[in-house]
Amino acid sequence: MAEAQASGEKTLFGHPAGLYTLFFAEMWERFSYYGMRALLLFYTLKGFLKYNDQQGYAVYGAYTALVYMTPFFGGMLADRLLGARRAVVLGGLLMAAGHLLMAVQNDVAFFSALALLIAGNGFFKPNISTMVGSLYPPGSPRRDGGFTLFYMGINLGAAMSPLLCGYIGETYGWHYGFGLASLGMMTGLAVFVAPIRVTQFLIASGGLGAFVALVVFRPDNAYSFAANLFVGAALLASASVACVALERGGLPPEAGLPAAPERLRAPLGKLPLSAEWSVYVGTLLMVPVFALFVSSFSPLHGGTPFLFLSDQTIAGLKHSSSAGGRILAVVAEEISKPAGLMLFVTGFVALGYLGRELFRLGKVARERLLVVLVLTFFSMLFWSFFEQAGSSVNNFTDRNVDRVGEARMVTSAEVGQTLKIMPTQEQVGHKNGDRVFSLSDLDRLRAEHEGEPDFTVEWRVGPDNVGMGIGARSDEVPASVFQAVNPVFILIFGVVFTALWTLLGKWGREPSTPFKFALGLLQLGLGFALYWYGAVTANERGMVGVVWLVLGYLLQTTGELCLSPVGLSMVTRLSPLHLVSTMMGTWFLATAFSQYLAAIISQFTGVEEGSGSGGVPLPRDTLMLYGDVFEKIAIAALVSAAVCFALVPLLKRWTHPEIPAGADDGPRAGDEKTTA
């Protein structure tokens, strides 16, 4: 890997000019990823698939788990053969193809698209971050600041995607949302490979175009306008800085080159292909394999997921009289799916390998590695709770959070009249004549009028409708848009937390990494407690005030800022030098596990009916289904925080801050022959 550049390299604000190219390449890639993620669950439930909650959660969980598992292998292939630059281009091409394929409405195309995204992310995600590190010399004090800027780029893309892909996809049609995600991925790839002048044009025109879209395509209320304007202004400011930086030079040509270019052309065994082309062909051959795993082999199993445990065994557990038995049924069902089994087998193999290495290290290195493993476990717990944002919290927002800024209320003088209104979430749970209007009715009407968001229906006003809100479609904030709340808060508070840790460090009061992890879990638990409190204080229709959702997101974001930015630094700082790459792979595997655990947790909020059958129950019926699970998550997170706080003294002692990094990394006495 090409390491740090010469000291004479052009910089802006003390950072290499190439950082700003990587900033925008990653920003647009994350725009595409989170844009698709914002729509994925709703697409499986409301799109052509018509899945029920359990099926939708299962696909979402398998996808997000596998998409975080493949970077372990993509990073290894880049380190040993391709180099980061080739890996990023390969990953970008695969992901762009996946986003384009999402617009095709049939099962094979849908699962093939997810498989392309899984394979592409494996090459793109770990290696563009590696290239950021390669821009700085070893020990550079600017490295952490560079990664902070890069992290802001990730969250700028994550903030834009629900505001554009989510809003446009839910309002005008799924294919428009997925098309935008694909456009974002292709823009990011073009920024990465294009000459400097073309890159400047792409950054400037893309930023201006996205700003205009954020202003034009939005819900018609002041809060949405303010959020879109803030994100758009941040995007324009970032684009301006990047264009100035690129005047001083782009990504250095040596950044991300393979460590041994001659290996690329060498034949692989007796195959008539070079090693490089063997990777490309092998990756394409893995795409149908990933498609089968993310679909749980349903195309080969009559359209139903294949389970390694029999249906009778799982059904028996589900009908258990004990809560433990029912919980075991959900866990067993998920683990017995192909994606779950593959993930758990990979995890056990990794644990076995690390266990062997652990006992071959000296005392200091062994205790430091134990700290990494313990905190990786707490990180896995954090993300398994946090990632309810894309599944159960997403459905809670869709079904039980009041998202409409109504223009007026129905009055008693209108009882007996027939009004022409634009149906919104405000009508869900109210009677239209003798029939209760449900969320499934609203989804059906919107599907029938796709591309015509301002359609109206006739509403016969009864006495029960007095006080019902009436608003335009533009007054309703789509549920997927709320996934922008977390990254917007990160953009606001990320620099604040960075400055806070720096200031406390100067005073000698900066908390230790284990203490920060415990703080993160504490705030996460309090955030879910606010979701629960919103549920128990909901109105008679079962609708929760949006303030509880936003405050919950705020606490989860501050928790994330205590845990996430320090995690990767902790892995590289405390891991033995010969195990750093392995531990980074383990960190990604833990993230994959957390995604799958998140899917298992979300299964406990699934409703029995699907959009294709009985429909989604009324808000008052789903309210405490979510509220009870959020209460349990809050308790589990708070207990985890308490355990982490209790372990802080021991974990701090095991980091051995008085001993330089790399000391005692070798095997214990007597092990030399086994490692030679």
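Mentor: Helices, in this predicted model, are DSSP runs of H or I with at least four residues, numbered from the N terminus.

Trainee: Where is L271 found?

Mentor: With helices numbered in that way, the two elements to look for are α10, which spans 262-265, and α11, which spans 275-294. L271 is found in the loop between α10 and α11.

Trainee: Is L271 buried, partly exposed or exposed?

Mentor: L271 belongs to a nonpolar surface patch that also includes L268 and W277, and the patch has about 570 Å² of accessible area together. Buried means under 20% relative accessible area and exposed means over 50%. Because the relative accessible area of L271 is 46%, the residue is classed as partly exposed.

Trainee: Which helix gives the most to the largest nonpolar core?

Mentor: The largest nonpolar core has 168 residues, and those with the most contacts inside it are F24, Y63 and L114. The helix that gives the most to this core contributes 18 residues and covers residues 18-46, namely helix α1.

Trainee: How many residues has the second, separate core?

Mentor: This core is separate from the largest one, and V428, F437, L442 and V457 are among its members. Its size is 15 residues.

Trainee: Which residues is L519 in contact with, leaving aside its neighbours within four places in sequence?

Mentor: L519 lies in helix α19, residues 513-536, and its relative accessibility of 22% makes it partly exposed. Its C-alpha atom is separated by 32 Å from that of V59, 460 residues apart along the chain. Once the sequence neighbours within four places are left aside, the contacts of L519 are C562 and F645.

Notes
Residues are numbered from 1 along each chain as its sequence is written. This is a predicted model: local features need pLDDT of at least 70, side-chain atom pairs count only at pLDDT 80 or more; totals for chains, interfaces and linings use all residues. Side-chain values use heavy atoms; hydrogens and water are left out. A nonpolar core is a set of buried Ala, Val, Leu, Ile, Met, Phe, Trp, Tyr and Cys residues joined through side-chain atoms within 4.5 Å. Buried means under 20% relative accessible area, exposed over 50%, partly exposed in between (1.4 Å probe, protein chains only). Patches are made of residues with over 30% relative accessible area and no salt bridge: like charges are joined within 9 Å, nonpolar side chains (Val, Leu, Ile, Met, Phe, Trp, Tyr) within 5 Å. Accessible areas come from the Shrake-Rupley method with a 1.4 Å probe; for residues, only the protein chains shown count as cover. A salt bridge is a side-chain nitrogen of Lys or Arg within 4 Å of a carboxyl oxygen of Asp or Glu. Contact means heavy atoms within 4.5 Å.
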